Amino acid sequence: MPRLGSGIPLIGRSDELMRLGSALDRAASGVAGGVLLSGDAGVGKSRLVAELGTRAREMGALVVTGRCTDMAEGALPYLPFSEALASLAATHSPELEQVVQQRPALEWLLPQRAATIPAVVPVGPEGTPLAVDHENAGRTNVEQDIGQLQLFDAVRSALTELAAARPVVLVVEDLHWADASTRDMLAFLLARLRSQRLLVVVTYRHDDVHRRHPLRTLLAELARTATVERIELPALTEDDARAFVDAIGEGQLSADAARGIVRRAEGNPFLLEELVAAGAGDGHELPAELAEVLLARLERLPQAVRRLLRTVSVAHGAVAHSALADVAGNDELELEDALREAVQHNVLVVDGRYYAFRHSLLREAVYTDLLPGERARLHAAYAHRLVGMRQRGVAAQLAYHSLESNDLPTALAASLRAAEEAQSVGAPASVLRHLERALRIWHAVPPPERPAAANELELTRRASRAAGAAGEPDRSISYARAAVELLASGPWEGDAEEAATTYLRLARALLGLTGSLAEAASVIDRAWQLVIDAPASHTRTWVLAVRARILRGLGNDDEALGSAHTALAEARAGGFGGAEADALITIGRLAEKAGTPPAAREHLCLARDRAREAGAIGTELMARYFLGLSYDEQGELNDALATYDEAVARAEAAGTALNGHAVESRVRQLHLRYVRGEWAGLDTAEPVRSALPEIAAALLAGPIAHAAVAQGHFADAGRLMAEMRPYVGTELLIAIAAAAVGAEMACWQGDHEEGLRWARTGLDRCDGPGPGLLAVIRIAAHGIASAVGVAAEARREGDREREDAAIGTGEDLLDRARASMSAPSHATRQIGPEAIAWLARAEAEASRLRGGGSPELWREAARAFDYGAVYDQAVCRWRQAEALLVTVGQRDAGPAVAELLADAHATAEHLGAAPLRDAVAATAARARAARGNGQVSRHPAVANPLTERELAVLELVALGRTNRQIGEQLYISEKTVSVHLSRTMAKLGASRRAEAVAIAYDRALLSGPSEPDSQVSGERGATP
């Protein structure tokens, strides 16, 4: 069976492949050379050489390959050269027969004689083999040396003769296993590279070439050879590794599993492939077969070195020399000797004062191979050294080693201390990990040995808070529910304060999950009933603040405002800065809804500052997000983007980039970059997404997918949609984004029924509170565009029933958009320019349902998008031009159409929006056909210099036709075609046919064969 990754294109390696390609080109031109390609085992040397071989064969070169074999001292001499000749013999190459006849010494490298080859191949003066006289070795040494040199020269001259007919690429793989004779022959050959059309490519594992390896001397000599180039193949970058995993995993791996595999493999393609085959992401045990492969190379090391490696593996990371000395118990000199051996064999690497395994999977394999008692003993030894140390990070190490050595009381105390340390540096994911460890062993530790200041209920609530801050709302809710269940047991039964605090935690956790508002309201009401008659306190104030936020979300504005003001008063009286900021946010959002943005921003800015003073980073990020949203909703894009940028930067600086409002700020940040046409900046989000939980990564995928669709990168958009799809049924924001992306992509691809399905799905998810009017209007607009496409298809097919149904669907969608704008929840709210623009676009799209379209409505839509939405404005201008061509006619609308198309084309070119650019070009072509004189240009000030006949010829050139084929199709002679092409290239300033076609496309002079006037209506093609 082929390997899992066989058949996939080479990923990454562009620089290395370019250098190999350059060496091949030089060799093909008569400048012979050698390349030493090195890298770790499994890093992809053979795959890269195979790619080079494919390119070499495509240019007509002869490629022969030989491999060295791991047979230690018993390796066959000259094996790779024998194998290379065998590959030629297998093809019955006449070239081989000729060179062998002229050089009889080569007979000894052919496979049928390989078994009898002595360590040195002596050849007589006439090329006949000489027997090795072991009894009189001294007498035959000179003859043997002469014979060996004759064999070397025979190989060199044979390759030179083969290269005279065509370029030759000789590949010698795995030189680290080569015998001395092979190394000598290779040194001889590489030192004599001159003007042959020959490239010698040698691969070896540099992690196997330790300090005493015999290959090191040869490599040092070859490094001084001018004709030899050294290329070191590094591990794949994280992005390339992820692309590799996606390619070989064929979409079957979850994003979390793929990230875990990329992390574990550290960019090694072989390890990536093996882990994908085993589905072994984070938390999975190393596959046994892979562990055996990794451990095999360690079996040759001395026992003292292997024992040391087992000790290092238990450290679970880099380990200091002093720690090894304490734990290993070796004599200092013995320890240094073992370490030196491990470093020289490239098993361990030195990083300052620390030692670590060269690859983490090798450490994992060694660790997994430990016996249970051996493992516990070594962990206990590491833990014993750490007791009493107070440096940062020690607590986490102590907790780990204590747990693995079954010292649970020490592990519990150390875990709690590690959680405090992680909290102090703003690392919520680490806080959660340490708290989870503490909760896991809580009941296994006898009560007298538990830390006096800790209790299970508070730890569970803290775990819920940490999970929320780490961007994992589901786990946050799970821990909050577990805390509620604990109320019925232990010392908390009947404690109103503890109960209210616990219900408050659950309510706040539920707010982090879309669709949980009703349950959050029920939970906060239970908390409120517990403190309604209680005096002001920290808990009561927070219950009031969170209750106000929930009531606002449910639309109970008056009650929400009353609760928020009460919370504000009690917070200021009690000095509870976080609760004060939370209440101010609610008051600010209610002011926004009432149509007073300046008052809203004043409250939100104050909330931001108070939260920061109080150290309430989560509340501060919420204030920053809503402040940005205030600008965003009013179309003040510069201020909105600056505010989101500040929110994202603040979250990163505080170590809370996974906080829900931090993620939402980043989503809006990316969305505004998309709206403003700053699409290059969206690329920077991919490294961020790779570090996020799947649900947060799916949220960020929305705006990136929008840009991918607009640029015509449909495969990329499809991959992003695949990440979003699992959450479409549960996460409203992801469902909305997926519906808009899916509908638009389907339209550009001409699948209008699919576009309608996406629109219906999105609108169904928008039923109920929460989504906002913009989502409904935008999805409805895309749905109407899809309905236009379906109606046009039915019209062309003469299917009147289907056409009427599509028109009715489009009109229903328009009614839905209009109704959303006038819904009671928005009756007193100032509607932002983005919603107004999308409603205008929905109206304009609906004008196309029965054909044509309203130029005036499209002009209004384009004007509405003038708040900064450059791409959507360009789409509207293109549609306006199409509508003008139908309703006004080319004669009267020519200049206006040209100007609109020029503007839309310029924007599409600037953004790289290929589908829009092509659609504009197609409209320009239809305009030429309608006018009949070929004078529609890319810009109204620049006339089209080509005649109709020249355009017709160029259109067929663009389709790949030859001059003879063009002449036959246009009923003109081949010579006349050549004349037209010469004139066309002169007018366009092109030197080649392909360049003329490219220039014509760039100027929108060319978009394919002209179409009949009846198709100017825009019923054909994409309708985004």
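This passage describes selected strands and helices of a predicted model, beginning with a buried strand and ending with a helix and its neighbours.

Strand 1, which spans residues 33-39, is mostly covered, since seven of its seven residues are buried. The residues of this strand point in two directions: Gly33, Val35, Leu37 and Gly39 face one way, while Gly34, Leu36 and Ser38 face the other way, and all of them are buried. Strand 1 pairs with strand 4 (residues 198-205) in the parallel sense, and seven bridges link these two strands; within this pairing, Gly34 stands opposite Val200 of strand 4. Strand 1 also runs parallel to strand 5 (residues 228-232), to which it is joined by five bridges, and here the bridge partner of Val35 is Glu229 in strand 5.

A further group of strands forms an open sheet of three, arranged in the order 6-8-7 and paired in the antiparallel sense. Strand 6 (319-320) and strand 7 (348-351) are the edge strands of this sheet, each of them pairing on one side only. Between strand 6 and strand 8, the latter made up of residues 354-357, the antiparallel pairing extends over two bridges, and Val319 has Tyr355 of strand 8 as its bridge partner. Helix 14, formed by residues 332-344, lies across strand 7 and strand 8, and its direction makes an angle of about 105° with strand 7.

Attention then turns to a single residue, Thr460, which is found in helix 20 (residues 456-469). Thr460 has a relative accessibility of 4%, and because buried means under 20%, this residue counts as buried. The side chain of Thr460 reaches the backbone oxygen of Glu456 at 2.7 Å. When residues up to four places away in sequence are not counted, Thr460 touches Leu439, Tyr479, Ala482, Ala483 and Leu486.

The last element considered is helix 23, which consists of 15 residues, from 517 to 531, and reaches 21 Å from its first C-alpha to its last, a span close to the 21 Å expected at 1.5 Å a residue. Several residues of helix 23 are buried, namely Ala520, Ala521, Val523, Ile524, Ala527, Trp528 and Val531. The buried residues of helix 23 pack against two other helices, helix 22 (496-511) and helix 24 (538-553).

Methods. Residues are numbered from 1 along each chain as its sequence is written. This is a predicted model: local features need pLDDT of at least 70, side-chain atom pairs count only at pLDDT 80 or more; totals for chains, interfaces and linings use all residues. Side-chain values use heavy atoms; hydrogens and water are left out. Two strands pair if DSSP finds at least two bridges between them. Helices (H or I, at least four residues) and strands (E, at least two) are DSSP runs, numbered from the N terminus. Contact means heavy atoms within 4.5 Å. Axes are lines fitted to C-alpha atoms, for helices over the stretch in contact, and angles run from 0 to 180 degrees between N-to-C directions. Buried means under 20% relative accessible area, exposed over 50%, partly exposed in between (1.4 Å probe, protein chains only). A polar contact is a pair of N or O atoms within 3.5 Å; within protein, one must be able to donate a hydrogen and the other to accept it, and residues adjacent in sequence count only if both atoms are side-chain atoms. The expected span of a helix is 1.5 Å times one less than its number of residues.
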